[in-house]
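Thanks for coming. I will go through one model today, starting with a single chain and ending with how the copies meet.

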Protein chains: 2
Amino acid sequence: MAVIGASEKPGKVGRVVLENILRSGFPGKVYPVNPSHDAVFDLTCYPSVSALPEAPDLAVIIVPAPAVREVLEECGSSGVKAAVIISAGFKESGREGYRRETELRDTARRHGIRVLGPNCLGLADTATPLNATFATRAPQPGKVAFMSQSGALCTAVLGWSQENHLGFSRFISLGNKMDLDESDFLESLEKDGNTAVIAAYLEGVNDGDKFLQVAERVSRSKPVIVFKAGVTEAGARAVSSHTGTLAGSENAYTAAFRRCGALRAETVEDLFLLARGFSLQPPPRGPRVAVITNAGGPGIIASDALERSGLVLASLAEDTARSLREGLPEAASVYNPVDVLGDAGAERYRLALRHVLPDPGNDALLVILTPQAMTEIRETAVALAEEAGKAGKTVFAVFMGGDEVAEAEEILRGSGIPNFRFPEEAVRTLRGMKAYTDFLSRPRLTRVRFAVDAGKVRQTFDSVRAQGRKELVEVEAREVFQAYGFPVARTILATNLEECIRAAREIAYPVVVKIASPLILHKTDIGGVVVGIGNTDDLIAAYENVTANARKFVPAASIWGVLVQEMLPPSRELILGMSRDSQFGPLIMAGLGGVYVEVLKDVAFRLAPLSEEEAREMLRELKSYWLLQGARGEKPADIDAVIECMLRVSQLVTDFPEIIELDINPLRVMEDGKGCLAADARIVLEE
Amino acid sequence: MAVIGASEKPGKVGRVVLENILRSGFPGKVYPVNPSHDAVFDLTCYPSVSALPEAPDLAVIIVPAPAVREVLEECGSSGVKAAVIISAGFKESGREGYRRETELRDTARRHGIRVLGPNCLGLADTATPLNATFATRAPQPGKVAFMSQSGALCTAVLGWSQENHLGFSRFISLGNKMDLDESDFLESLEKDGNTAVIAAYLEGVNDGDKFLQVAERVSRSKPVIVFKAGVTEAGARAVSSHTGTLAGSENAYTAAFRRCGALRAETVEDLFLLARGFSLQPPPRGPRVAVITNAGGPGIIASDALERSGLVLASLAEDTARSLREGLPEAASVYNPVDVLGDAGAERYRLALRHVLPDPGNDALLVILTPQAMTEIRETAVALAEEAGKAGKTVFAVFMGGDEVAEAEEILRGSGIPNFRFPEEAVRTLRGMKAYTDFLSRPRLTRVRFAVDAGKVRQTFDSVRAQGRKELVEVEAREVFQAYGFPVARTILATNLEECIRAAREIAYPVVVKIASPLILHKTDIGGVVVGIGNTDDLIAAYENVTANARKFVPAASIWGVLVQEMLPPSRELILGMSRDSQFGPLIMAGLGGVYVEVLKDVAFRLAPLSEEEAREMLRELKSYWLLQGARGEKPADIDAVIECMLRVSQLVTDFPEIIELDINPLRVMEDGKGCLAADARIVLEE
């Protein structure tokens with residue numbers, strides 16, 4: 001490898017990087033490159049890459065930003081295929097830097113050089129070993145691969161991880177992600193035998209589709225944990241739909257992580273606690289957790305935390321309780337949490353472990369120890385280390401008391417048992433690991449395709465665009481939905497009163513009359529809708545009324561006539577929608593209409609294309625789901641029909657990427673078996 | 001002081017306690033008491049308390065449980081007025097222990113001895129100084145008083161606090177709280193000049209009323225932070241009311257802590273982080289937080305955490321931004337978070353501090369540092385220590401990187417600036433401290449009393465009880481509510497059809513008819529209610545119908561007749577209720593009726609007696625509050641009338657402690673100015 005910009009000068013990044021590489025024990029050849037030196041640290045220093053005796057596999061570049069492009073150009077000519085550009089002064093530093101990075105990218109592409117950075121801390125690999133970073137300390141070896149979009153966080157984490165004995169297989173500072181991004185590294189880590197778990201700090205992903213594909217595949221072989229920063233919405237683009245208002249990139253990321261199985265950490269600390277958990281212990285097979293403790297208080301704290309986290313305090317088998325009763329003092333609690341009492345020595349813990357671990361009624365075990373007068377801290381750690389492995393279950397230790405338990409912690413660590421300072425941390429970690437079990441046991445998603453008339457939709461969109469519009473009027477939206485097999489309310493466009501009367505007879509009273517005009521989108525607001533019309537007299541009055549209102553309130557609107565529509569039976573109202581996320585594409589939303597969506601924001605999101613399972617999950621996720629199941633003597637709603645509608649929406653927005661917003665509001669849902677109807681719908685196309 | 005059960009034998013608690021006392025530098029005389037020794041550690045050992053040369057002020061008792069009572073008896077006879085009973089084997093250890101504790105309490109009371117414990121770790125006081133615990137390490141001096149219902153947690157915390165440099169003024173293991181409890185210690189800590197903040201681990205409180213009174217008073221002079229364990233509901237007593245089902249002791253504790261201003265920590269770690277924050281820095285005057293950082297990533301993490309916590313990322317004044325722009329490099333961000341860039345030395349931090357700290361637009365400051373190549377960690381800590389004090393604002397440091405920043409941490413600590421490992425921890429602590437500011441600025445609550453007819457209620461209750469019932473029938477409940485000035489729907493009890501017809505005429509059609517029987521409480525379920533009766537024919541049919549249904553479905557019920565009631569205009573429906581908590585007494589609940597309470601559990605709780613402010617706060621807390629304010633063109637509801645009803649409920653349940661459950665469901669609320677009506681109500685009396 002070449003280190004371009006290598007230096008001996010104290011304080012220079014080029015010195016720190018070279019020192020780190022040399023100290024790390026990198027087994028290959030290292031060529032310092034710097035025209036101002038003949039030798040650096042006893043190594044021959046070359047004036048340029050082209051002067052090297054052989055083409056290096058990797059170039060680490062630490063020269064001032066304006067010089068980087070030329071250096072990379074030379075690397076390319078010399079046959080270098082990979083570079084780590086540590087230099088800053090690119091996209092992150094304003095317009096000039098942005099231009100510089102664009103040129104640099106072109107250079108890299110032209111030569112086919114894959115680049116990490118620029119503006120990064122570098123990368124380390126504890127297996128090779130290689131530490132090509134300018135961090136002041138090196139990552140310890142371990143099974144966690146960490147990548148970070150913040151170089152500063154990398155250095156901060158190195159300090160924390162040393163104190164907390166977290167080791168890394170790879171340590172990657174992503175920098176500006178000019179070329180290689182999170183998905184590329186995920187891909188390379190998939191087959192890396194030294195990596196058991198991947199942790200990432202991301203502020204965003206470069207390419208949503210690529211990330212989804214790669215992360216889902218990688219997640220099936222090892223856990224991928226992400227801390228996503230930047231949750232605060234930066235001034236989102238103007239949106240006009242309900243769905244658009246509620247969607248936001250945060251919901252898109254949540255849906256994306258769920259789709260691909262990436263586990264989300266709530267805090268930076270949780271990211272590493274979870275990574276450590278996975279690197280040491282198998283994920284729990286189920287939610288049932290047993291607790292062994294020598295103190296009531298921490299046992300209660302653990303129970304509370306379990307309850308709140310959605311895990312379950314396991315019920316021990318009667319046999320287990322009986323054996324514990326025989327072996328433990330009378331005052332001990334033999335139900336979960338098992339309290340071995342404050343005077344418990346190591347052997348009492350061992351006895352409890354031997355009975356509780358094999359009990360098939362629990363999936364994971366927390367062993368809590370507080371240092372008391374009779375406590376054998378070290379010996380208890382040994383007993384736990386000896387017993388824990390036999391069960392094949394997730395075993396966590398909560399030996400409390402800071403440096404009093406330091407030696408025990410080391411013993412536990414040696415046997416792959418992580419220790420936590422507080423019960424709550426152990427429980428949060430268990431819950432995160434359980435989510436991975438859930439992902440792995442998730443059935444492969446089945447996606448259906450319906451026979452539809454895509455040509456008709458294309459035609460409609462073309463005609464809308466030909467008229468210089470980007471928003472469809474109701475009758476056009478209706479055509480689109482019909483072409484995609486949606487049940488829609490029976491509707492006839494009447495351009496005059498005579499047609500209107502004929503239409504009403506054809507549809508049969510009672511009917512609804514709505515104004516039809518491309519400029520009037522919120523029809524109700526201007527008195528453009530009359531419902532429940534039962535006879536011709538009322539129909540005539542309604543016709544006059546809605547057209548007069550339209551002329552009065554929107555004088556500029558060209559009026560196409562009125563829509564005569566069948567009056568629907570009483571039904572529950574849902575909203576279905578789609579908002580296109582700039583990163584992950586179509587984000588589907590479902591919720592119950594009215595107050596549920598407007599005030600309670602009781603909605604669920606998933607990315608399209610949707611599977612049937614996901615659609616069903618979305619509805620179940622709603623707090624108001626029970627309203628669909630039938631409450632207060634109502635019959636259940638036709639949930640299967642709703643799911644079919646969701647899948648048809650998914651297919652429509654997948655087939656036509658030009659749809660950027662879509663609302664069906666309301667979707668009227670009849671009783672079970674009687675289907676549902678899109679009563680009103682909006683579609684907005686890309687400009 | 002006397003140490004009864006003092007010993008030299010290794011492993012004996014009596015040895016550890018005596019050693020701790022002697023090592024702590026206790027300035028008074030220490031008398032070991034133990035009949036089996038003549039001397040312990042070169043101190044004369046006395047066979048009994050009565051043999052001592054003087055009566056000790058304090059006795060620490062570490063003898064086996066069966067001997068404790070006799071020892072205490074002797075203490076009493078010798079004039080001892082205070083004892084710490086460390087010995088275990090009492091209430092916590094089963095029936096025999098329970099009996100022993102009861103006897104012990106009698107002995108203590110008889111002699112007027114105040115007792116801490118039994119079954120505790122002891123107590124320490126770093127000001128005296130005195131360490132009368134059997135913990136293996138001593139608490140460091142500091143301003144935090146800690147009391148704990150779990151002795152094991154005490155020992156665990158001592159280890160953690162040493163690592164995290166948290167010092168204590170008092171350290172109290174409450175044990176079984178046979179005599180002295182959390183409220184007694186709160187009271188004693190109120191005036192303790194060495195204590196700036198009180199932290200407590202509690203599984204429950206001994207006496208709800210006493211705790212509320214004391215904690216509210218103490219909270220006004222220093223913050224009281226509580227970690228409440230045992231959130232999981234232990235098999236609650238059977239409840240029959242809506243309110244009772246939703247209440248639970250967890251909601252009672254939440255309401256109690258809110259009432260008395262005790263701050264609640266979510267985790268044990270947060271308890272101590274918050275205590276440390278209060279012990280070092282003033283609470284923020286408001287929610288606006290400025291952030292100075294040398295790295296983008298941690299700045300984003302802090303911003304996200306602020307947003308999520310309900311605090312606000314402060315807007316810096318234009319002047320501040322301009323000054324920063326002049327002083328900082330071009331690439332720096334001069335808006336909040338202020339990014340001084342990765343190569344910032346101490347002076348750049350100082351410049352930013354000098355401009356940001358005096359800006360009146362922020363109430364608190366987070367200073368984030370990640371160790372990078374040019375970072376002057378130590379010097380930056382010095383700069384921060386020098387600048388921070390000048391502003392009188394809350395200043396927190398987030399110097400990340402473990403032991404790399406250890407020296408800086410020490411410098412900061414010396415200047416009273418706590419350092420946090422991660423931005424999220426700093427933000428959680430700030431939020432907790434902000435809650436204290438909110439409590440201090442809360443207006444004194446005003447409580448009104450209405451003129452009511454308590455005698456009438458007493459009469460009704462007596463008559464119900466005379467009939468061997470504990471649940472009032474509707475007509476009785478109505479009398480009670482009327483006596484307390486509640487607007488109720490006009491209602492006449494008709495014992496036969498003729499009376500029924502007369503009543504309907506008197507009230508005027510349309511009317512409602514309901515079956516009246518003491519055994520039929522859920523009238524609708526058995527077809528015992530007919531609404532919207534418009535004429536005499538329908539009335540007769542309704543009368544026959546409801547009485548026939550009652551006879552058919554509840555043949556055992558004695559039927560008093562039917563209630564004829566005015567038909568109310570359309571209105572919004574609320575539920576008001578009270579459930580009596582075993583610890584804190586009457587817990588008032590309010591929520592919107594129907595799905596809001598049943599499914600969404602959108603309800604608010606406060607303890608009675610309610611102030612007007614609290615009642616209003618309860619309604620505002622509801623997610624569905626907007627429905628009362630008027631939505632979708634509806635007029636606002638008569639919120640003032642609802643609040644009056646809540647206050648009348650509060651007065652009723654305070655005046656009559658025998659009411660253990662009460663539901664007004666629904667309370668029908670008319671448009672603003674038109675009042676509200678209790679349409680149906682239940683009252684259950686204590687057995």
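In chain A, 72% of the contacts with a separation of 6 or more are between residues 24 or more positions apart. Keep in mind that this is a predicted model. Chain A has 687 residues, and 53% of them count as buried. By secondary structure, there are 23 helices and 29 strands in chain A. The C-alpha atoms of chain A fill a box of roughly 95 × 80 × 40 Å along the principal axes.

One residue serves as an example of those contacts. A:Ala82 is found in strand β6 of chain A, residues 82-85. Buried or exposed, where does A:Ala82 fall? A:Ala82 counts as partly exposed, because it has 17 C-beta neighbours inside 10 Å, and a residue needs 20 or more to be buried. If we leave aside neighbours within four places in sequence, A:Ala82 is in contact with A:Asp57, A:Leu58, A:Ile113 and A:Arg114. For a sense of scale, A:Phe461 is 379 residues from A:Ala82 in sequence, and the two C-alpha atoms are 46 Å apart.

Staying with chain A, let me turn to a sheet. This is an open sheet of four strands in the order β20-β23-β21-β22, with antiparallel pairing. Which strands stand at the edges? They are β20 (491-494) and β22 (529-533) of chain A; each has a single partner strand, so one side of each is left without a neighbour in the sheet. From one strand to the next, the twist averages 20°. Inside that order, strand β21 (residues 511-516) of chain A pairs with strand β23 (residues 561-566) of chain A over six bridges, in the antiparallel sense. To find the register on screen, take A:Lys514, whose bridge partner in β23(A) is A:Leu563.

Now to chain B, where I picked two strands. The first is β12, residues 197-202 of chain B, and six of its six residues are buried. In a regular strand the side chains alternate between the two faces of the sheet. In β12(B), B:Val197, B:Ala199 and B:Tyr201 lie on one side and B:Ile198, B:Ala200 and B:Leu202 on the other, and both faces are covered.

What does β12(B) pair with? Strand β10 (residues 141-148) of chain B runs parallel to β12(B) and is joined to it by five bridges; there, B:Val144 has B:Val197 as its bridge partner. Strand β13 (residues 224-228) of chain B also pairs with β12(B) in the parallel sense, over five bridges, and B:Ala200 is matched with B:Val226. Helix α6 (residues 208-221) of chain B completes a right-handed β-α-β unit with β12(B) and β13(B).

The second strand is β19 of chain B, residues 394-399. Six of its six residues are buried, so β19(B) is largely enclosed by the rest of the structure. B:Thr394, B:Phe396 and B:Val398 point one way, and B:Val395, B:Ala397 and B:Phe399 point the other. Strand β18 (residues 364-369) of chain B runs parallel to β19(B), with six bridges between them, and one of the bridge pairs is B:Leu365 with B:Val395. Between these two strands the chain passes through helix α13 (residues 377-388) of chain B, and this β-α-β crossover is right-handed.

Last, the two copies together. How many residues of chain B are in contact with chain A? The count is 53 residues of chain B, against 53 residues of chain A. The side of chain B that touches chain A takes at least two residues from each of α1 (13-23), α4 (151-163), α9 (268-280) and α10 (296-309) of chain B. By class, that side has 23 nonpolar, 20 polar and 10 charged residues.

As for symmetry, a turn of 180° and a shift of 0.1 Å along the axis lay chain B on chain A with an RMSD of 0.2 Å. The two copies are therefore related as by a two-fold rotation axis. Which residue of chain B comes closest to the rotation axis? That is B:Leu600, with its C-alpha at 4.8 Å. Finally, 100% of the interface residues of chain B are also interface residues in chain A, so the copies meet through the same surface.

That is the end of the tour.

Methods. Residues are numbered from 1 along each chain as its sequence is written. Chains are lettered from A and ligands numbered from 1 in the order in which they are written. This is a predicted model: local features need pLDDT of at least 70, side-chain atom pairs count only at pLDDT 80 or more; totals for chains, interfaces and linings use all residues. Two residues are in contact if their C-beta atoms, placed from the backbone, lie within 7 Å. Ala, Val, Leu, Ile, Met, Phe, Trp, Tyr, Cys and Pro count as nonpolar, Asp, Glu, Lys and Arg as charged, and the others, Gly among them, as polar. Copies are superposed by least squares on the C-alpha atoms of residues with pLDDT of at least 70 in both. A residue is buried if 20 or more other C-beta atoms lie within 10 Å of its own, exposed if 12 or fewer, and partly exposed in between; C-beta atoms are placed from the backbone. Two strands pair if DSSP finds at least two bridges between them. A crossover is right-handed if, with the strands pointing away from the viewer, the path from the first strand over the helix to the second runs clockwise. Axes are lines fitted to C-alpha atoms, for helices over the stretch in contact, and angles run from 0 to 180 degrees between N-to-C directions.
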